[in-house]
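This report walks through selected local features of one structure. It begins with a statistic on chain contacts and then turns to helix packing, cysteines and single residues.

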Amino acid sequence: MLTNIPADNVKNFADQVVNDPASLLFASLADFYRENGLCQEAINMCQVGLDAHPDNIEGRVVLTQCYKDIKDYEKARIEIMKILSIQSENPQAKKILEEVDKLNSTNTRSGPSSQKELISSQTSFDSIQAVVAENSSEDGTVNQASVTEAFSSKGTEAFGARSIAESAAKESEDLTVSAYSHILSEIIKTPQVYGSLLVDEVGYPIASAFSIQAGKVDEEASGALSALVYSTAAKATEKIKLGELQRVIIDTKAEKLFLSRVGSQILIISAENSAKVGLVAVSFKKALDKIRGLGLSKRSM
Amino acid sequence: MKDILNQINDVPGVRGSIVIDKEGLVVASNLMSGLEEKTISALVATIYAEIVKSLAAGREQEVYGVQLYANEGSIIFLCASYCILIVITEPGTNIGLVSIKMKASTERLMELL
C-alpha cells in the first residue's frame, strides 16, 4: 500500500486540463507541478481553475501550499482565511496555517511593526474559530471582509500574551513530533520491516520512517488509504458485535501491513511478505506502548 | 464443503466459518448462534473490496488474507481465486493453528469449486 502514483494518471490529468483549463482536475495536476518544483505554473493553473470554481477547496489548498513553498506567507494566509471562511474546521488549512506561522515566526521581530505582523501574531486556531463565529450570520454564512477586519483590530491587544503561549505550544509540539519520529525509526530496525507511518484519524501523516528498501513513498496517499481501510474494518467489527477493533494485519503478495489505532492516531507498519508476524507484532506492540506514553506525558504537562 | 468447515470449527476458540464469493454471496456456512452469515459476508466482502481498491491505487497487489483483531473476537479471512474463507474466533484463540487449518481447507475448497 505504501506506493507511487502511476505516471499514466498524470498524463490523463494533463490532457484533460490542457483541453479545458477550467476542468475540476486542475487541482490534482497543479499539486503534481508543485511537488516537482513548478510552483509558478501550479499557481497559474490554480488561479484559472479557481476563477471558474471559486468554491473548490482542494484547488485553494494547493494554491496555499504553492504560496507557502515560494515563501509568500501573506498570500498563503489570505488563501487559508478564504478556506476557513467556507470550512472553519478544514484540517488541511489548519495544518498549513500552523506551518506558515512557524516559518513566519523565525523572521518575527520583537514587537509588531506592521499590520501584516499583527495578523500573523494572532493566528491560533481558537482565535480564528471565535472570529469566524462572531462574523457569521444565523444561517451560517460568513462575512469574509469583516473577518479580515476583525483580525486587524484584535491584533494589537492580543499580540503579547498570544506570542508567548504560541511559542511554548509550538516548542512542545516540535519535541513530540521528534519523539514520534524516533519511535518509528526504532521500528524499522526490526528485521524485514521497511516502513512505518503514523497518521491522524483522517489519514494525514504525523511522522514516518522508511528504510532505503521502501523506495519513494507517497505518505499522504498511503496514510489516507490506510485510515480508510482501518475505519471500514472498525465499523465491520462493531456491526458483527466483536467490539472495538484493535489491530489489522493484511497479507499481500508484495508485503504485510500492520495497522493499529493508538489514541486518535493510526500506526501503520509495512514489512516484507516473508516477515515473521510474531516478531513484527512484538515491535509493533512496544511502539504502541511508547506512543501511548507520549500522549499521556503530553496531557500531564 | 460442510465437512471442511466442521474441521475448522473443531479448533478450540473458533465460533464459526463461512465461504463466500468475492461479491459477498454465501457459498457455505457453519456458524454458532449469535452470528449472522449475511452480515458477516457482506462486511467482509466490503473490507476486501476496500483493501483491493486501496492497494490498486499504486500498483496491483494480490491480497492473500486479512486478520482483524477486536476486543471480543477476531475475524480471519483467506482469499482464494474465486472465494473467501472466513473464520470468526473468540479472544485468545491460537490464530496460528487456525491459519494452518484455513490454508489446508482453502486448497481443498478450490478442488471442490
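Among contacts in chain B between residues at least 6 apart in sequence, 49% join residues at least 24 apart. The model is a predicted one.

## Chain B: layout and helix pair

Chain B holds three helices and five strands. Read from the N terminus, its elements follow the order α-β-β-α-β-β-β-α. The chain has 113 residues, of which 54% are buried.

Two of its helices pack against each other. Helix α1 of chain B covers residues 2-9, and helix α3 of chain B covers residues 95-112. Their axes come within 10 Å and cross at roughly 180 degrees. An angle over 145 degrees counts as roughly antiparallel, so α1(B) is roughly antiparallel to α3(B). On the α1(B) side, the contact involves Ile4(B), Gln7(B) and Ile8(B). Their partners in α3(B) are Lys101(B), Ser105(B), Arg108(B), Leu109(B) and Leu112(B).

Ile8(B) also appears among the contacts of Ser17(B). Ser17(B) sits in strand β1 of chain B, residues 14-21. Is Ser17(B) buried or exposed? Its relative accessibility is 0%, so Ser17(B) counts as buried. The Ser17(B) side chain makes a polar contact of 2.9 Å with the side chain of Asn9(B). Leaving out residues up to four places away in sequence, Ser17(B) touches Leu5(B), Ile8(B), Asn9(B), Ser29(B), Asn30(B), Leu31(B), Ile86(B) and Val87(B).

## Chain A: helices α3 and α4

Chain A offers another helix pair. Helix α3 of chain A spans residues 39-52, and helix α4 of chain A spans residues 57-69. They pack at an angle of about 150 degrees, with axes 9 Å apart. That angle makes α3(A) roughly antiparallel to α4(A). The crossing of the two helices is left-handed.

The contact draws on Cys39(A), Ala42(A), Ile43(A), Cys46(A), Gln47(A) and Leu50(A) from α3(A). From α4(A) come Gly59(A), Arg60(A), Val62(A), Leu63(A), Cys66(A), Tyr67(A) and Asp69(A).

Cysteines thus occur on both sides of this contact, including Cys39(A) and Cys66(A). How many disulfides does a search of the whole structure find? It finds zero over all chains. For Cys39(A), the nearest cysteine sulfur belongs to Cys66(A) and is 5.2 Å away. For Cys46(A), the nearest is again that of Cys66(A), at 5.2 Å. A disulfide needs two cysteine sulfur atoms within 2.5 Å, so a separation of 5.2 Å does not qualify. Cys39(A) is buried, with a relative accessible area of 12%. Cys46(A) is also buried, at 0% relative accessibility.

## Chain A: loops and positive phi

Two chain A residues with positive phi angles are set side by side here. Neither Lys71(A) nor Gln192(A) is a glycine.

| Residue | Phi | Loop in chain A | Relative accessibility |
|---|---|---|---|
| Lys71(A) | about 65 degrees | between α4 and α5 (73-86) | 60%, exposed |
| Gln192(A) | about 75 degrees | between α9 (144-187) and β1 (193-200) | 26%, partly exposed |

Gln192(A) is also a contact of Ala275(A). Ala275(A) lies in a further loop, between β5 (265-272) and α11 (277-299) of chain A. Its relative accessibility is 7%, so Ala275(A) counts as buried. Apart from neighbours within four places in sequence, Ala275(A) is in contact with Gln192(A), Lys256(A) and Val280(A). Ala275(A) and Glu255(A) are 20 residues apart in sequence, and their C-alpha atoms are 8.5 Å apart in space.

## Thr237(A): contacts in both chains

Where does Thr237(A) lie? Thr237(A) is in helix α10 of chain A, residues 219-239. At 0% relative accessibility, Thr237(A) is buried. A polar atom of its side chain lies 3.0 Å from the backbone oxygen of Ala234(A).

Which residues does Thr237(A) touch, not counting those up to four places away in sequence? In chain A, they are Leu242(A), Gly243(A) and Leu245(A). In chain B, they are Leu68(B) and Ala70(B).

Note on methods. Residues are numbered from 1 along each chain as its sequence is written. Chains are lettered from A and ligands numbered from 1 in the order in which they are written. This is a predicted model: local features need pLDDT of at least 70, side-chain atom pairs count only at pLDDT 80 or more; totals for chains, interfaces and linings use all residues. Side-chain values use heavy atoms; hydrogens and water are left out. Buried means under 20% relative accessible area, exposed over 50%, partly exposed in between (1.4 Å probe, protein chains only). Helices (H or I, at least four residues) and strands (E, at least two) are DSSP runs, numbered from the N terminus. A polar contact is a pair of N or O atoms within 3.5 Å; within protein, one must be able to donate a hydrogen and the other to accept it, and residues adjacent in sequence count only if both atoms are side-chain atoms. Contact means heavy atoms within 4.5 Å. Axes are lines fitted to C-alpha atoms, for helices over the stretch in contact, and angles run from 0 to 180 degrees between N-to-C directions. Angles under 35 degrees count as roughly parallel, over 145 as roughly antiparallel, 65 to 115 as roughly perpendicular and the rest as oblique. A crossing is left-handed if the near helix is turned anticlockwise from the far one by less than a right angle, and right-handed if clockwise.
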